[in-house]
Amino acid sequence: MAAADHANSTYDRMKELKEFDQSKIGVKGLADSGITSIPRFFVHPPNTLDLKKPTSQTCTKKTIPVIDLSLFNTPTKRHQLVEQIREATSTWGFFQVINHGIPISVLDETINAIKAFHNEPHEVKSKLYNREKERNGVTYATNDDLYRAKAACWHDSLTVYMSPETKRAKEEDIPEACRKEIVAWELHASKVAEALLELLSEGLGVEAERFKQLGFLDGKMLVGHCYPYCPEPDLTLGIRSHTDSGLTVLLQNQVGGLQVKHDDEWVNVEPLPGALTVNIGDFIQIISNDNYISVEHRVLAKASKEPRISIVAFFNVGRHSDFDYYGPLPELLSPNKPALYRKFTVPEFLESFFSKELDSKSFIQKVKL
């Protein structure tokens with residue numbers, strides 16, 4: 001299909017969206033069917049796609065910081081590690097970690113297991129396909145914001161809620177193809193996140209347990225993304241530009257595509273064998289009173305026959321009541337450094353998040369004083 005054909009005036013977008021969604025085949029199913037063009041509802045507007053190419057040659061030369069976590073248990077060197085992470089999160093909002101203590105074999109097994117699930121037959125995956133508002137247990141779908149977004153993105157996702165207990169997936173409900181690996185990965189990723197939360201706390205000059213006390217290990221969700229072959233990668237995106245909420249720990253295979261916005265340029269995050277990619281989200285930017293920054297990032301669609309596989313561990317506060325308020329930490333405030341944000345509740349944050357398409361920093365703007 002030529003690009004002009006995407007603009008047919010008789011096009012019924014909602015009808016095609018529903019037909020695709022109800023088929024439950026996902027973008028992996030579309031790719032496997034041998035299509036040579038993408039459905040029109042995946043086509044992004046030119047103003048989005050114009051940004052896909054670097055604005056200068058310097059973009060491709062920049063790299064996000066790489067931090068060696070082996071210093072974590074060396075008391076005389078720990079302050080160096082704290083400073084490295086503070087610098088990375090205050091300037092980039094993103095970094096990669098090496099020597100994190102997780103064996104390469106576990107990383108490979110986890111990636112292969114998620115890939116195996118996405119390679120399962122349609123009749124297996126379709127049983128999990130779900131777009132209900134109740135967010136718990138195990139779900140599989142294409143684009144969480146499929147009906148809210150102006151254009152769909154080229155990825156499928158397996159989502160497994162691990163905590164709080166009221167949302168936790170039953171182990172037997174996790175697909176057999178990746179059950180053992182998902183359960184193990186929760187423990188590995190949580191251990192890394194716990195260490196990082198301590199270092200982030202110390203980087204703010206507050207006690208090491210501060211972020212854990214706020215509950216950032218109490219809301220855990222694992223998402224296994226698959227970005228399959230795309231016949232027209234220049235017309236769509238793998239995931240649109242957005243920011244996250246809490247602390248994110250990402251495991252990815254060696255198929256690139258992740259980009260981070262830095263100094264108004266898109267910087268490629270080249271996969272580093274054995275590394276994990278870490279970023280902070282809007283929630284932490286607010287709590288740190290802008291000492292740390294959340295940063296826009298996206299994933300490009302690719303014509304690579306090998307799919308991009310990523311496993312994202314999201315760590316967020318677990319208390320979702322209307323009575324638990326969050327805002328800049330009082331320890332960080334003074335007459336010379338007033339709060340930059342008002343207090344808010346998790347339900348307010350979630351209502352904002354799920355009322356629109358995936359986007360960047362809209363909630364930060366909403367609560368900014």
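In which loop is proline 164 found? I looked it up in the loop between β4 (156-163) and α8, where helices (H or I, at least four residues) and strands (E, at least two) are DSSP runs numbered from the N terminus.

I noted that this is a predicted model, in which local features need pLDDT of at least 70, side-chain atom pairs count only at pLDDT 80 or more, and totals for chains, interfaces and linings use all residues. Residues are numbered from 1 along each chain as its sequence is written, and side-chain values use heavy atoms, with hydrogens and water left out.

**Backbone entries.** I found the peptide bond from serine 163 to proline 164 to be cis, with omega near 5 degrees. Most residues other than glycine have a negative phi, and most peptide bonds are trans. Asparagine 99, in the loop between β2 (94-98) and α6, has a positive phi of about 50 degrees although it is not a glycine. I also checked aspartate 264, in the loop between β8 (258-262) and β9 (265-268), and its phi is near 65 degrees, again a positive value in a residue other than glycine.

**Core entries.** I then turned to the largest nonpolar core (buried Ala, Val, Leu, Ile, Met, Phe, Trp, Tyr and Cys residues joined through side-chain atoms within 4.5 Å; buried means under 20% relative accessible area, exposed over 50%, partly exposed in between, with a 1.4 Å probe and protein chains only). Of its 72 residues, Trp185, Leu196 and Leu247 touch the most other members, and α8 gives the most to this core, with ten residues. Apart from it I found another core, of 15 residues, including Val223 and Leu258.
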